[in-house]
Every structure is written in structure tokens, then in C-alpha cells.
Amino acid sequence: MTAPQAPADFLHDNPQIKSIRMVASDLNGQARGKRVARRFAGKAIKDGTRFPYSVLNLDIWGEDIDDSPLVFEAGDPDGILYPTSRGLVPVPWLETPTAILPIWMFHDDGTPYMGDPRHALARVVDRYKARGLTPVVATELEFYIIDDRGRELRVPPSPRSGIRRQQAEILALRQLDAFDTFLTALYDACEAMDIPADTMISEAGPGQFEINMDHQPDAMKAADDAWLFKVLTRGLARSHGFAASFMAKPYPDYAGNGLHTHFSVLDADGNNIFDNGGAEGSDTLQHAIAGCLAAMPGSMLIFAPHATSYDRFVPGAHAPTAAAWAYENRTTALRIPAGNPSARRIEHRVAGGDINPYLFLAAVLGAALDGIEQGLPPAPAIQGSAYTAELPQLPLTWADAITAFDQSPEIQRIFAPELRETFLATKRQELKYMADLSPEEQQELYLDTV
């Protein structure tokens with residue numbers, strides 16, 4: 001992992017940079033922030049910047065939440081946002097030389113504002129640290145590149161051949177070659193931004209790809225990487241003349257976009273506590289599985305946060321619909337991959353590509369730690385297809401997921417009250433106003449927003 005460069009050193013080494021974007025993630029994973037001229041960047045980096053607490057609690061349209069206690073009731077006060085340890089990173093998709101400075105929100109007394117999704121993950125990571133444990137995390141992100149200029153969404157024509165192939169291309173070298181110019185630019189941009197993009201494949205939908213991030217013993221950086229990758233991919237695609245979409249299911253007849261994570265846990269001596277030397281894994285692995293399953297219904301609003309998220313959960317389409325686990329089985333919500341026992345891990349397969357990576361990893365890792373701390377036993381691993389078995393079903397509507405999140409004791413343990421309350425208010429407002437939009441309007445809203 002490359003050590004981040006100090007902001008002053010970055011600016012010294014990059015005299016071409018004209019401005020910086022000071023940017024934080026709101027609850028929907030939207031980048032919110034300010035443009036600062038280079039000549040004033042030093043002060044902003046040193047002293048931080050201010051904007052209202054309510055900015056991290058806007059709905060998907062960028063509007064305030066009705067009757068939010070953060071707005072009129074409190075006078076819409078400011079929090080202060082300081083740079084994260086990421087430092088400055090370049091913005092490869094803009095013509096003007098620009099850098100992003102990721103920031104997160106605090107109170108004036110220096111304590112974290114717990115309604116910030118990045119602090120939600122930090123809270124979980126601190127729980128692991130207190131037990132001498134370190135999560136090792138990798139993410140897999142699926143996305144489509146889409147020509148959205150016409151009335152119907154289509155795969156863009158290949159820059160190499162000019163051919164538009166509206167068909168599935170699973171692990172097709174032809175698909176990778178067709179968009180090599182864009183994919184090479186994407187890899188170059190990841191290198192410049194210190195995003196550990198590893199293997200890429202073409203996926204089951206037309207113009208659909210999956211990128212695997214290298215595993216790392218820093219869950220916060222893994223979330224930063226996933227968040228920045230989504231921002232990067234959307235911006236870079238537009239500079240190439242098409243859209244990139246992490247929307248859960250942009251095409252009704254093709255595969256949806258998932259965002260999976262693989263994780264294991266190291267003890268203070270660097271040993272994988274999921275490894276018992278055999279294929280079945282340790283008792284601690286079983287406890288982590290049980291914790292993830294127990295929290296899964298309540299976490300569904302995080303794994304599927306938007307109106308169109310639930311289009312992805314169709315039986316037989318590789319999106320889990322039941323809270324179940326198994327060894328080497330991609331129909332289940334939790335998969336335990338085969339391989340060397342020292343790499344024993346959990347693959348969490350529920351979330352869509354439209355999630356907020358900070359909330360996603362906080363929910364997954366927090367649930368696993370709950371199971372470890374309580375010594376929970378899981379239900380037995382299943383055999384065969386999870387779609388045809390009698391299993392506990394996950395909430396598969398937005399309204400049911402909101403209710404499950406609100407009532408979940410696991411969610412109450414993982415997330416601070418400020419975040420639970422603001423996230424619920426956000427989703428209830430979106431549910432209310434989304435009813436006024438047609439499917440076409442919803443698609444336009446979400447296509448390259450989430």
C-alpha cells in the first residue's frame with residue numbers, strides 16, 4: 001500500500017493543479033463539498049472547512065429532509081470538516097488540472113459527528129482494534145457502461161470497431177478489447193489515485209464489467225477506494241462520451257450490479273482467526289457467519305438503499321433473496337470460498353452496486369463482530385440452490401427494509417443514534433416522493449447518480 005503524500009508536498013510536486021475539491025460522502029454516497037482555488041488551499045487544508053451538518057443528510061435529489069432537526073429546529077448549524085488520511089488525489093476525468101481532498105465531519109470540540117457515514121465505519125473498526133483484531137477486506141464492484149443519449153439505454157458502440165453488441169459477454173476477451181481505451185484510462189486513473197484495481201472481467205450484461213480490488217488490512221481505505229472508484233468511473237465515462245452506472249439493475253432483462261466484499265480477520269499476531277487448518281473453518285468463522293445472518297434483514301436498507309435497488313432481487317439471478325450461507329455456493333447470501341485454509345474468508349453477496357461503501361462495510365463488519373463477541377451459532381450450511389429451499393427471506397421491498405432497519409437490535413448496536421435517525425428520515429422522504437416518478441424518471445435519476 002502506498003503511503004499518502006502530505007498535501008503540501010503533493011501541491012509542490014504538482015504545480016499544474018489549479019484548484020482542489022474538498023469532498024465528503026453524504027448518506028447516499030454522493031460527493032458533497034467545495035471548490036477551493038489553489039492559492040487558498042493551504043489554509044483550507046490546515047484549518048478545515050465548514051458546511052452544515054444537514055449537507056450529509058440530503059435526499060437523493062439533494063434536498064433537505066423535511067422537518068429535520070438538523071435544519072430549522074437547530075438553525076442549520078455548521079460542522080467542521082478536516083482532511084482524512086488519504087491526502088490529495090488527482091482528478092483524471094477533468095480537463096482542468098484538479099485534485100480531490102477527501103474530508104469528514106467533526107464538531108467544534110473535535111469529537112466526530114456520528115451522522116457522517118465515514119465515522120460509522122471508523123466506529124466499527126475501533127471495536128475491532130479494542131479486541132486486538134484487524135479486518136482484511138477486498139471489494140468487487142460491478143458496473144455498466146451505457147449509451148443513454150436515446151430513448152432506450154444501449155451499450156455504447158465499440159471505439160475500435162464501431163459495432164454495438166447488445167448481448168451478454170461473460171468473461172469475453174472481445175468485450176474487454178472493445179473498450180480497451182476506456183478501461184486502460186480507468187486503470188491509469190486508479191494508479192494515479194492509489195486505488196488498488198486488480199482483475200477486471202466482462203460480466204453477464206451488455207457493457208457490464210466487474211473490477212476486483214486487492215485485499216488490504218485497512219477497512220477504511222477499502223471503503224475510500226470503493227467510494228472514489230465509483231466517483232472516478234462515472235466521471236471518466238462521461239469524458240469518454242457515455243455513462244457508467246452502478247445502478248442496481250439498469251436493464252430489466254439483464255443482470256444487476258452487485259458490490260460484494262470478501263473479508264477475514266487477523267489477530268494481534270497476524271493469524272487469520274477464520275482458519276482452523278481445514279476446509280470448514282474455525283468456530284470463530286461460524287460465529288461471524290451467524291452475526292452476519294442475524295443482522296441481514298435489518299441491514300437490507302443499507303444493502304439496497306434506493307427505489308430501484310429491489311429490481312435486482314429476482315430468484316435465479318445471482319442476487320440473494322434469503323438469509324443463508326454455504327461453502328462454494330453463489331446462490332447464498334454468504335459464500336465461504338474454497339482454497340488455502342490460511343485465506344479462509346467470508347464473501348458477503350447481498351449488496352447492490354448502488355450502495356454507500358462506508359455504510360456497507362460498517363454493517364457487514366459490525367454484524368460479524370457482533371456474532372464473534374456473542375459466540376452466536378449459525379444455522380447449518382445449505383446444499384444446493386438457495387432459491388428453491390425453505391429459508392428465511394430477506395425484506396424485498398423498500399418499505400419493508402425501512403421497517404426492518406428501524407426495528408433491528410443489531411442495527412442499534414452497530415450504528416450511532418444520529419446516523420440511524422438521519423438515514424431513516426432520508427429513506428422515508430425518498431419513499432414518499434419517489435411515488436410521484438415514473439419508472440423512466442427513476443431510471444434517469446439513478447443512472448449515474450448512485
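This is a short dialogue on reading cavities and a helix pair in a predicted model.

Colleague: Let's start inside the protein. How many cavities of 30 Å³ or more are there?

Modeller: A cavity is a space where a probe fits but cannot get out. Here the count comes to three cavities of 30 Å³ or more, and the largest has a volume of about 70 Å³.

Colleague: Which residues line the largest cavity?

Modeller: Val 23, Ala 24 and Ser 25 are among them, as are Pro 102, Ile 103 and Trp 104. The lining also includes Asp 116, Arg 118, Asp 224, Trp 227 and Tyr 358. Two or more lining residues come from each of β1 (19–25), β6 (98–106) and α6 (219–239).

Colleague: And what is the make-up of that lining by class?

Modeller: It has seven nonpolar, two polar and three charged residues.

Colleague: Now the helices. At what angle do α9 and α11 pack?

Modeller: Helix α9 (residues 398–407) packs against helix α11 (residues 417–434) at about 165°, and their axes are 11 Å apart. Angles over 145 degrees count as roughly antiparallel, so α9 and α11 are roughly antiparallel to each other.

Colleague: Is the crossing of α9 and α11 left-handed or right-handed?

Modeller: The crossing of these two helices is left-handed. On the α9 side, the contact is made by Trp 398, Ala 399, Ile 402, Phe 405 and Asp 406. The α11 side includes Arg 420, Phe 423, Leu 424, Lys 427 and Met 434.

Colleague: Which classes of residue does the contact of α9 with α11 have?

Modeller: Eight are nonpolar and five are charged, with no polar residues in the contact.

Methods: Residues are numbered from 1 along each chain as its sequence is written. This is a predicted model: local features need pLDDT of at least 70, side-chain atom pairs count only at pLDDT 80 or more; totals for chains, interfaces and linings use all residues. Side-chain values use heavy atoms; hydrogens and water are left out. On a 1 Å grid over the protein atoms alone, a cavity is a set of points where a 1.4 Å probe fits but cannot get out, and a pocket is an open set with protein on both sides within 12 Å along at least five of seven lines; lining residues have an atom within 4 Å of a point. Grid points are joined across faces, edges and corners, and a volume is the space filled by probe spheres set on the points. Helices (H or I, at least four residues) and strands (E, at least two) are DSSP runs, numbered from the N terminus. Ala, Val, Leu, Ile, Met, Phe, Trp, Tyr, Cys and Pro count as nonpolar, Asp, Glu, Lys and Arg as charged, and the others, Gly among them, as polar. Axes are lines fitted to C-alpha atoms, for helices over the stretch in contact, and angles run from 0 to 180 degrees between N-to-C directions. Angles under 35 degrees count as roughly parallel, over 145 as roughly antiparallel, 65 to 115 as roughly perpendicular and the rest as oblique. A crossing is left-handed if the near helix is turned anticlockwise from the far one by less than a right angle, and right-handed if clockwise. Contact means heavy atoms within 4.5 Å.
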